[in-house]
Number of protein chains: 4
Amino acid sequence: MTIRAGIAGATGFSGSELLRILGCHPELVVTKLYASSGHGQSIASVLPQFHGLSDLAVDPLPSTAAAWQDQGLDLLFLALPHGVSSELVPGLPKALRVIDLAGDFRLASAREHELYYGCPAPDRALQKSFVYGLPEWQLPKLRGAQYVASPGCFATAIILALAPLVQAGVLNRRIIVDAKTGSSGSGAKAASQTMHASRVNSLYAYKPFKHQHFAEIKQALACIAGKDDVADGLLLQTHSTPLVRGICASIYTELSQPLTDDEVYGLFAQAYSESQFVRLRGNELPNVNWSRGSNFVDIGWALSGRDLVVFSALDNLVKGAAGQAIQAMNIMMGWKEDTALKQVGGVP
Amino acid sequence: MTIRAGIAGATGFSGSELLRILGCHPELVVTKLYASSGHGQSIASVLPQFHGLSDLAVDPLPSTAAAWQDQGLDLLFLALPHGVSSELVPGLPKALRVIDLAGDFRLASAREHELYYGCPAPDRALQKSFVYGLPEWQLPKLRGAQYVASPGCFATAIILALAPLVQAGVLNRRIIVDAKTGSSGSGAKAASQTMHASRVNSLYAYKPFKHQHFAEIKQALACIAGKDDVADGLLLQTHSTPLVRGICASIYTELSQPLTDDEVYGLFAQAYSESQFVRLRGNELPNVNWSRGSNFVDIGWALSGRDLVVFSALDNLVKGAAGQAIQAMNIMMGWKEDTALKQVGGVP
Amino acid sequence: MTIRAGIAGATGFSGSELLRILGCHPELVVTKLYASSGHGQSIASVLPQFHGLSDLAVDPLPSTAAAWQDQGLDLLFLALPHGVSSELVPGLPKALRVIDLAGDFRLASAREHELYYGCPAPDRALQKSFVYGLPEWQLPKLRGAQYVASPGCFATAIILALAPLVQAGVLNRRIIVDAKTGSSGSGAKAASQTMHASRVNSLYAYKPFKHQHFAEIKQALACIAGKDDVADGLLLQTHSTPLVRGICASIYTELSQPLTDDEVYGLFAQAYSESQFVRLRGNELPNVNWSRGSNFVDIGWALSGRDLVVFSALDNLVKGAAGQAIQAMNIMMGWKEDTALKQVGGVP
Amino acid sequence: MTIRAGIAGATGFSGSELLRILGCHPELVVTKLYASSGHGQSIASVLPQFHGLSDLAVDPLPSTAAAWQDQGLDLLFLALPHGVSSELVPGLPKALRVIDLAGDFRLASAREHELYYGCPAPDRALQKSFVYGLPEWQLPKLRGAQYVASPGCFATAIILALAPLVQAGVLNRRIIVDAKTGSSGSGAKAASQTMHASRVNSLYAYKPFKHQHFAEIKQALACIAGKDDVADGLLLQTHSTPLVRGICASIYTELSQPLTDDEVYGLFAQAYSESQFVRLRGNELPNVNWSRGSNFVDIGWALSGRDLVVFSALDNLVKGAAGQAIQAMNIMMGWKEDTALKQVGGVP
């Protein structure tokens with residue numbers, strides 16, 4: 001039976017990327033698109049790249065529980081600004097599966113939520129019903145899940161690069177993460193810092209010591225390592241670059257014990273032996289261009305004495321958002337994990 | 001039975017784009033990749049985006065007819081520099097199907113070939129055995145063809161925009177084509193005019209009065225209109241822009257008779273009623289970004305009195321090269337025309 | 001005696017470019033900056049590139065004639081949105097010299113003004129007191145002028161390329177102008193079509209048959225040729241490209257009489273023998289990158305039979321706006337025409 | 001008396017930037033340009049941006065001491081590939097002043113030179129006669145110097161950001177430097193990693209643990225701090241981004257003692273009270289776009305507990321190369337330090 005899916009926030013960058021990728025998915029059909037404007041138009045009028053591929057109408061979000069019932073959906077992707085999902089989810093049909101791409105349900109700690117998002121955390125019982133949707137480390141929990149909180153783009157790149165090492169307990173506490181992203185990370189709404197005339201020649205650091213993904217990274221690594229404080233010495237600094245798509249993180253760690261390059265490789269290879277979207281590059285340092293448009297994350301590293309620098313690169317809109325959400329969906333629905341996700345990124 | 005295909009020039013931009021798209025093709029498997037360097041390496045070593053998706057080796061082109069026989073191929077894509085295919089084809093196995101993406105076999109006139117390519121034309125009998133692979137206008141000839149000469153990128157954009165009008169005989173002879181392209185059109189080899197530091201701020205015209213696609217456009221339009229001189233008054237001027245992918249042509253024509261906007265629409269709609277990759281945009285002027293990464297061509301126009309300006313936009317590596325070659329292949333093999341070609345372009 | 005100048009619209013792209021260039025002007029000091037926001041801040045707070053170079057405050061525009069008197073200005077640059085200057089100028093101090101970079105006072109015909117700008121034309125007597133500030137063709141009128149209407153960016157590129165030919169009367173009436181510009185032409189305000197994530201991969205035509213610079217081009221060419229209808233057969237089509245700065249126009253003309261390449265060169269050389277900012281390139285086709293950041297316009301051409309294609313390239317913010325306004329000022333004040341304007345464009 | 005200067009390597013990026021800036025220098029005239037190709041052509045033929053501004057011929061480097069004598073130069077800039085200057089300098093006229101922009105004469109330690117440049121170090125006595133040309137820290141030595149070794153681009157950004165802190169002795173030994181640069185840093189020669197089609201979407205780390213500027217940074221900081229081992233715990237990781245111009249370094253340090261934000265500001269303010277090209281931004285994090293085209297370096301920082309992250313941004317071709325060399329020249333010649341260097345960077 002074909003599953004019927006809806007996308008809320010369909011005209012944003014993550015939402016349209018969901019629609020793009022799901023267009024090739026054999027088990028599912030997208031039947032509803034929701035956005036805050038463009039109502040009554042076809043998606044192809046709002047986003048011309050879909051002309052000839054989809055003539056779904058853009059609807060406003062249903063405003064009552066009854067109206068939601070009438071949508072006839074089995075599954076709903078939420079690609080909405082922070083805070084909207086937590087208001088929406090309680091009113092959704094009880095059986096509806098939900099994959100949320102925002103940060104609303106990612107953090108178990110209400111205190112951390114308030115600290116990093118600057119707003120009250122949603123109901124804790126509801127939050128607990130969400131599985132953190134990082135497939136490489138959450139496979140058993142995702143199988144059959146109803147609610148998924150899909151990880152943030154920076155968080156995905158950084159957790160995947162650090163998890164095998166913190167799990168193995170081979171790192172000192174001091175970890176410096178210097179992460180770079182492109183203009184699509186700021187969303188589809190026009191803003192001065194994402195204007196072409198300035199952005200194309202800009203590179204700058206932002207949000208020192210307070211990027212909201214920091215809380216998510218700490219939580220995930222603590223959980224994987226089984227030690228609450230494993231990432232307390234982590235410092236995250238994000239940067240804006242003239243890329244459109246892509247996140248590239250350089251992660252500076254110190255080994256707590258001597259390891260050879262082969263031993264480092266072994267730790268990663270063991271952790272990701274079943275993870276087809278993690279590509280281990282060894283000492284070949286990853287370029288964001290290799291994964292652009294694809295669901296892959298590329299991980300490489302350089303070792304000198306106790307200094308181990310790990311490099312992680314992915315497409316923030318695919319593995320960092322829409323692709324990963326679909327990967328989680330494939331697992332929760334019992335489909336092949338890579339369904340609709342085998343596309344190579346286009347280079348050039 | 002699965003068809004076995006090879007790609008010659010696999011590490012160039014058109015060649016790697018063939019491999020990218022064919023990765024999703026259900027009827028065919030790529031079994032051989034040829035390039036002039038990187039021999040013995042896997043394609044994923046040379047082009048890291050294919051890591052995890054293909055571990056085919058990169059081979060040199062077989063140098064003898066016997067060696068070609070041993071390749072076990074049913075079909076061969078040639079994505080090689082101009083002039084190489086015409087030396088290669090005579091030595092290929094007799095039953096091998098060939099789709100050539102270069103200009104070698106496009107022109108029926110040896111004189112025009114010599115004039116525009118600056119080198120002797122290949123054997124005329126061999127040239128005649130090639131079908132010009134523009135699916136929208138060559139459908140019957142492509143069915144069951146063995147040899148296909150795939151059109152040039154500029155030629156595709158311009159012929160598709162003009163053909164319905166010249167066929168209907170509604171244009172005066174004077175046609176000005178101002179066409180713009182991106183840096184991927186210059187190929188994967190490093191060259192001073194495609195260096196990032198200068199290209200990103202460059203825009204300039206090149207090859208006035210002598211771009212080689214001019215001959216191809218004239219030939220195709222004459223054939224479609226059934227009048228040899230229909231495009232003799234056409235002037236083609238090409239430009240380099242800071243795009244990576246994309247061709248956008250603005251075509252300035254004069255109607256030989258008054259037409260309404262609806263009548264213009266009617267001519268296009270009739271010509272392309274069965275052409276799923278031609279998207280008619282009417283007075284919405286096409287942006288190359290709408291078709292980036294996809295096999296679509298977008299056509300729009302503006303009409304004022306007898307002045308009709310037609311705008312055409314496509315991805316030079318997909319509809320202008322690899323995608324169109326695959327579209328032609330699908331037809332020649334009797335498969336669904338859009339097999340493996342339903343991908344939306346990624347925006348952003 | 002040092003002249004005291006003010007800049008209205010100082011935080012826009014043309015306004016800040018005026019401030020940048022005037023920083024090197026030995027005869028003048030900028031003493032007042034006006035903008036619609038940022039009041040009370042220093043210009044270096046609003047535009048960080050000026051840190052260490054200017055600590056002028058950003059003020060709101062004075063709202064009364066008396067307040068204008070108190071500003072102590074000898075000269076005022078207006079770099080404001082269309083329509084603001086015409087409201088402002090009547091209330092300015094009588095002796096104040098004004099250089100307006102907007103379109104308000106460019107057109108002598110009220111009808112054309114209303115048609116192309118969609119709003120009522122300013123008072124005709126006031127408009128007549130403005131000199132159209134294209135130095136290469138208006139030198140005598142600019143000397144000692146009080147009011148200057150500085151030409152539009154597209155208009156500058158196109159008029160300079162066509163004027164010697166229409167003046168000599170060697171062209172047929174049919175002229176097609178295909179002009180391309182960058183994202184800075186849309187101004188400093190954030191807007192969806194100038195967002196980095198889409199613009200960097202976009203190229204599209206806009207405003208067919210109705211760009212407001214068309215009227216200005218027709219008027220200037222008619223005046224130079226001494227024939228009202230000399231440009232009635234001109235068609236102007238503008239395009240947006242991923243450039244930041246730069247206009248490149250390809251101008252398709254037909255000679256009304258046979259001319260050699262040398263004769264074409266002769267017409268340009270004679271017209272611009274005294275014009276140090278017009279660089280004649282002959283058959284070397286100009287690249288916008290050559291004039292980026294400088295006040296030069298590069299003009300080249302290609303001739304084949306009666307087909308003459310003229311190519312013109314300039315920086316829309318310098319020769320197309322701030323630089324040209326300063327060039328006009330230098331002439332009106334009796335200073336050396338190139339004062340503060342000898343900077344080379346930076347490449348890369 | 002006007003000084004006569006020559007530029008060796010005039011067609012490279014640093015060389016042409018020297019010519020661009022020196023065009024406005026009142027005390028000096030460039031009389032000779034040397035390059036490895038383009039001989040006999042004017043510089044404006046090779047680099048069209050100089051058309052109308054310079055018609056100097058491009059010459060090969062003189063090959064004998066006598067030929068050098070005949071050049072009539074007072075001062076010579078060397079903007080050549082690594083290793084050429086050290087062969088050239090011994091044969092130059094004895095009184096000729098030399099400013100070398102390459103790495104040949106920067107390092108006092110022959111061992112470090114061999115280690116980081118992979119080739120034998122030049123004669124130590126000759127090396128000792130060179131002053132390391134970082135004006136902010138070498139003012140007394142530069143006055144009247146004959147030979148200057150101009151610092152590397154990364155080194156400049158990083159030393160200026162760290163020097164006040166290491167001088168004050170407030171840092172722990174562990175310092176992580178994550179530095180990002182643009183494509184112009186790779187020079188004007190076409191190469192696969194600087195092709196537009198790939199670079200515009202690329203971001204990747206390179207040269208882990210072995211960038212040649214590391215040695216220079218260590219040496220300079222040790223000298224400033226008066227402690228040999230002050231930077232032994234520094235790790236430098238460089239990255240390529242889609243910028244054309246610009247270096248942005250994020251420098252992760254730990255304070256060895258508690259400091260307030262004001263105290264940090266005080267250390268920088270004191271160190272750079274006389275340095276007009278160092279702009280202190282405090283907690284406003286610098287963007288490379290602010291200094292593009294100018295000789296400024298912008299320094300900002302973020303402090304949280306003992307974690308102090310310092311951010312430094314400059315234009316690699318100006319403060320990181322040509323501009324700094326001219327700044328050093330101004331000092332060595334006794335001219336005003338900012339002569340010809342007061343240009344604002346163009347934004348956009």
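Two strands are taken to pair if DSSP finds at least two bridges between them, and strands (E, at least two residues) and helices (H or I, at least four) are DSSP runs, numbered from the N terminus. On that footing, chain C holds an open sheet of 7 strands in the order β9-β10-β8-β11-β14-β13-β12, with mixed pairing. The edges belong to β9 (204-206) and β12 (278-282) of chain C; each has a single partner strand, so one side of each is left without a neighbour in the sheet. Direction ignored, neighbouring strands here are turned by 25° against each other on average.

A word on the ground rules. This is a predicted model, in which local features need pLDDT of at least 70 and side-chain atom pairs count only at pLDDT 80 or more, while totals for chains, interfaces and linings use all residues; side-chain values use heavy atoms, with hydrogens and water left out. Residues are numbered from 1 along each chain as its sequence is written, and chains are lettered from A and ligands numbered from 1 in the order in which they are written.

Back at the edge of the chain C sheet, β9(C) pairs with strand β10 (residues 234-240) of chain C in the antiparallel sense, over 3 bridges. Ala205(C) has His239(C) as its bridge partner in β10(C). At the other end of the strand order, helix α11 (residues 261-271) of chain C lies across β12, β13 (297-304) and β14 (307-314) of chain C, and runs at about 155° to β13(C). Such angles run from 0 to 180 degrees between N-to-C directions, with axes being lines fitted to C-alpha atoms, for helices over the stretch in contact; contact means heavy atoms within 4.5 Å.

Chain D shows another open sheet, again of 7 strands, in the order β3-β2-β1-β4-β5-β7-β6, and here the pairing is parallel. Its edge strands are β3 (58-59) and β6 (130-132) of chain D, each with a single partner strand, so one side of each is left without a neighbour in the sheet. Within it, strand β5 (residues 97-100) of chain D and strand β7 (residues 147-149) of chain D pair in the parallel sense over 3 bridges, and Val148(D) in β7(D) is the bridge partner of Ile99(D).

Turning to helices, α8 (residues 153-168) and α11 (residues 261-271) of chain B pack at about 105°, their axes 9 Å apart. The two are therefore roughly perpendicular (65 to 115 degrees). On the α8(B) side the contact involves Leu160(B), Ala161(B), Pro164(B), Leu165(B) and Ala168(B), and on the α11(B) side Leu267(B), Phe268(B) and Ala271(B).

Then there is how the copies are arranged. Chain D superposes on chain C by a rotation of 180° with 0.0 Å of shift along the axis (RMSD 0.0 Å), with copies fitted by least squares on the C-alpha atoms of residues with pLDDT of at least 70 in both. That is the relation of a two-fold axis. A rotation of 180° with 0.0 Å of shift along its axis also puts chain D on chain A (RMSD 0.0 Å); the C-alpha of chain D nearest that axis is that of Pro242(D), 3.0 Å from it. As for the interfaces, 100% of the interface residues of chain D are also interface residues in chain A, so the copies meet through the same surface.

Methods
Angles under 35 degrees count as roughly parallel, over 145 as roughly antiparallel, 65 to 115 as roughly perpendicular and the rest as oblique.
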